[in-house]
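Please work through the exercises below with the sequence and the structure at hand. Each task is followed by a solution in steps.

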Amino acid sequence: MPEEEKKPKRLVPKKYPMPEQSPQERVKNFNEVPLGQDAQTAIQESQRCLQCKPGPNRKLCMDGCPVEIEIPRFIKKVQEGNFEEAIRIIREKQNLPAVCGRVCPYENQCEGNCIVGKKNEPVGIGRLERFLADWERNQQKHGKIQMPPSTGKKVAVVGAGPAGLTVAGDLAKLGHKVTMFEALQYCGGVLIYGIPEFRLPKEIVRAEVDYIRRSGVEIHNDHVIGKLDTVDELLKEYDAVFVGTGAGLPDWTNLNGENLNGIMSANEYLTRVNLMKAFKFPEYDTPIRVGERVVTIGGGNVAMDCARTSLRLGCKESVILYRRSDAELPARREEVHHAQEEGVRFELLAAPVKFIGDDCGNVKQVEAIRMQLGEPDASGRRRPMKIEGSNFIIDAQTVLIAIGQSPNPLVPMTTPDLKTTKEGTIAVDQEGRTSKKGVWAGGDIASGAATVILAMGDGKRAAKSMHRFLTEDKSWPAPEVFEKLSCEM
Amino acid sequence: MQMYEIVKSEKLTPDVIKLEIKAPHIARKAKAGQFIMVTPSEHGERIPLTMADFSPEKGTVTIAALEVGKTTKQLGKMKAGDSVFSLVGPLGLPTELHKYGNVVSIGGGIGLALMYPVVRAFRQAGNHTINIIGAKNEKLLIYENDIKSVSDEFFVCTDDGSKGHHGFVSDVLKKLIAENKKIDVVYAVGPIIMMKVIANITKPHNIHTVVSLNPIMVDGTGMCGSCRVIIDGKTKFGCVDGPEFDGHKVDFENLTARNKRYIPEEQLAMKRFTEAK
């Protein structure tokens, strides 16, 4: 823009673009969609930052970050071209920068508070985080991890998802001996089994996990706590235990015909494709099959992942069936946009009524009904209501149920005095402490199904509290606190 | 990456492999009736396999598999000293053990591998164990002596009459019922059709019947629902709610249909595996 050349100080109104694979190309592969920015673009983007100073009545980028990354400080270093120092600042608070630089809903968090964003597009903070993490990995700057002196305290972390990895990373940095137990053969939890390769390459998760391992964390894969040792048994050997076992239990519609062949939970579908690499069948042994038309029920990020995965597996049409309207779609806008670009059809204001099968027990159709929005419900969103008599049929050979997940019951079931809520989550206080002394919980097992970054925020708070418990203050809230929490939530 | 070393490999029949694998943490916790998820190699599939035995002293678990598909064929080629990529367990709920009285346990085919630790546990719990085992022919009878060693009464059946009763395990059960034998519990493990027949026989007599199901699983820990089965009209997960269920409440038709979900892919994987040799 010539105007800009004259006044170089003038703010560039939009984020510098993120190069992407074209929709036509990317629906044919599982490679990552955004390709990442180069160093020059990152520096230019960083120069859009005004380096706001905190003030009494101001909400700044940092206030929106669940793990409290010192955002202006790291951006300043990017402006100076000092990437090494910039990523070091991020790593002070953030154990999985390459992951969060990709999957964080920054538009509602740091970027949502960005002052530049009041009148223009906010500074692309997420992109900068991603750039720095990728830069670090490619430079192999991972070599220098400073080991702190040992405190002699032992901590067990159950579940190597975003919450558990954060706790492990933070406590290892403080000199505690951390042992992590993970049920699956690879670490990462939802990052590995849930989020598809084209949004988060598994190589990146592996590198981040490797970083944590090299910080001195001992990792035991294939270990299902509750079936092997219980939390009580862990407490005999460890000074503190963190439970981050996630929301692994798929929710069902409970409609007629749901157990027909071809109908599966989003968890099964994504686990087959992502964890077991069924998209590379028969090079990998786990099979997956999609029919000509795939109908995904639900409107969240998981539903978008299912619908977009289906296109890549070669279905002719991928349809999202969601009972509210576009404005209420719980998925991130970016995900909805990507899905639309790739040709996913949105059948909005429609809900399934039953599933119809053929003679061999395979699903062939979904009967659905049109919906309209009424008054807001408890969630604040307008309540969907059936329009009687508006039933219609969609042919489908594959149906994916992506309407949510519930907390994994294994640890609560095998830990008798761990208080849970009505929803089955573990009751925790502000610091993540549970009703059992020495045991913390965080992530989806404590909050219900939420996001990666909120789980990391939980992990961060729990790690602080655990550190205090391990080093100075062994006090614990009274049992009544948890009685109350388990009723309230 | 942790690997799990095979300490002993043995062919029980030309198509049944028995592997004893080092996994002290699992052996320490395993109970009769539970299963483990096995992934032979990094590109492999996770499949649920019966635990045929476990020894906390030796720190090993023993699995037995009928070589019907690519993954089990791959296991069938493994020798002592080889390692499997991933081993997760013990999974599922253990067999509910009480002093029931007279327990009739019935096993067929590869189900006999699971039956052994279960009947051993029934006997240790103070039950009178009446065990009926069956196979197509004498050569395919596995765990015969092991099961016999924990039997108070013992019956062998073969489809071709090469050993024991010429006919099905269900014939012997019918005969016991006809003779007014006191039966407190029936336990059945084997092919779906066998378990269904047994459940149909005991139902009119109101004999509590437990069956051990074998649905297709992916994670085996309650995450995915691939293994969902219909029990008394309600959806349950084979991996965490089972694998044992009340045989009178199981929707066997649905289980049969669901277990056929991936037959074309299974055949393709098998073809590739045999041709690659």
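The exercises that follow treat cores, one chain as a whole, single residues and the backbone.

The model is predicted, so local features need pLDDT of at least 70 and side-chain atom pairs count only at pLDDT 80 or more, while totals for chains, interfaces and linings use all residues. Residues are numbered from 1 along each chain as its sequence is written, chains are lettered from A and ligands numbered from 1 in the order in which they are written, and side-chain values use heavy atoms, with hydrogens and water left out.

**Exercise 1. Describe the largest nonpolar core and name the helix that gives the most to it.**

Step 1. A nonpolar core is a set of buried Ala, Val, Leu, Ile, Met, Phe, Trp, Tyr and Cys residues joined through side-chain atoms within 4.5 Å. Buried means under 20% relative accessible area, exposed over 50%, and partly exposed in between (1.4 Å probe, protein chains only).

Step 2. The largest such core holds 79 residues, and A:Ile71, A:Phe74, A:Leu132 and A:Met466 have the most contacts inside it. Helix α18 (residues 452–471) of chain A gives the most to this core, namely 9 residues. Helices (H or I, at least four residues) and strands (E, at least two) are DSSP runs, numbered from the N terminus.

Step 3. Another core, of 30 residues, lies apart from it, and among its members are A:Met264, A:Val273, A:Ile320 and B:Tyr262.

Step 4. Contact means heavy atoms within 4.5 Å. With neighbours within four places in sequence left aside, A:Leu132 is in contact with A:Phe74, A:Val78, A:Phe83, A:Ala86, A:Ile87 and A:Ile90.

**Exercise 2. State how many helices and strands chain B has, and why it counts as compact.**

Step 1. Chain B has 8 helices and 16 strands.

Step 2. Its radius of gyration, taken over C-alpha atoms, is 18 Å. The globule rule (2.2 Å times the number of residues to the power 0.38) gives 19 Å for 277 residues; the two values are close, so chain B is as compact as a globular protein of that length.

Step 3. Of the 277 residues in chain B, 57% are buried. Among contacts in chain B with a separation of 6 or more, 65% join residues 24 or more positions apart.

**Exercise 3. Decide for B:Ser105 and for A:Pro17: buried or exposed?**

Step 1. B:Ser105 lies in strand β8 (residues 102–108) of chain B, and its relative accessibility of 1% makes it buried. Beyond neighbours within four places in sequence, B:Ser105 is in contact with residues including B:Met115, B:Phe122 and B:Tyr187.

Step 2. A:Pro17 is in the loop between α1 (2–6) and α2 (23–26) of chain A, and its 62% relative accessibility makes it exposed. With neighbours within four places in sequence left aside, A:Pro17 is in contact with A:Gln37 and A:Arg127.

**Exercise 4. Locate the cis peptide bonds before A:Pro282 and B:Pro90, and the positive phi of A:Asn254.**

Step 1. Most residues other than glycine have a negative phi, and most peptide bonds are trans.

Step 2. The bond from A:Phe281 to A:Pro282 is cis, with omega near 5 degrees; A:Pro282 lies in the loop between α13 (266–275) and β7 (293–297) of chain A. The bond from B:Gly89 to B:Pro90 is also cis, with omega near -5 degrees, and B:Pro90 is in strand β7 (residues 86–91) of chain B.

Step 3. A:Asn254, which is not a glycine, has a positive phi of about 60 degrees. This residue is in the loop between β5 (249–250) and β6 (263–265) of chain A, and A:Asn254 is exposed, at 64% relative accessible area.
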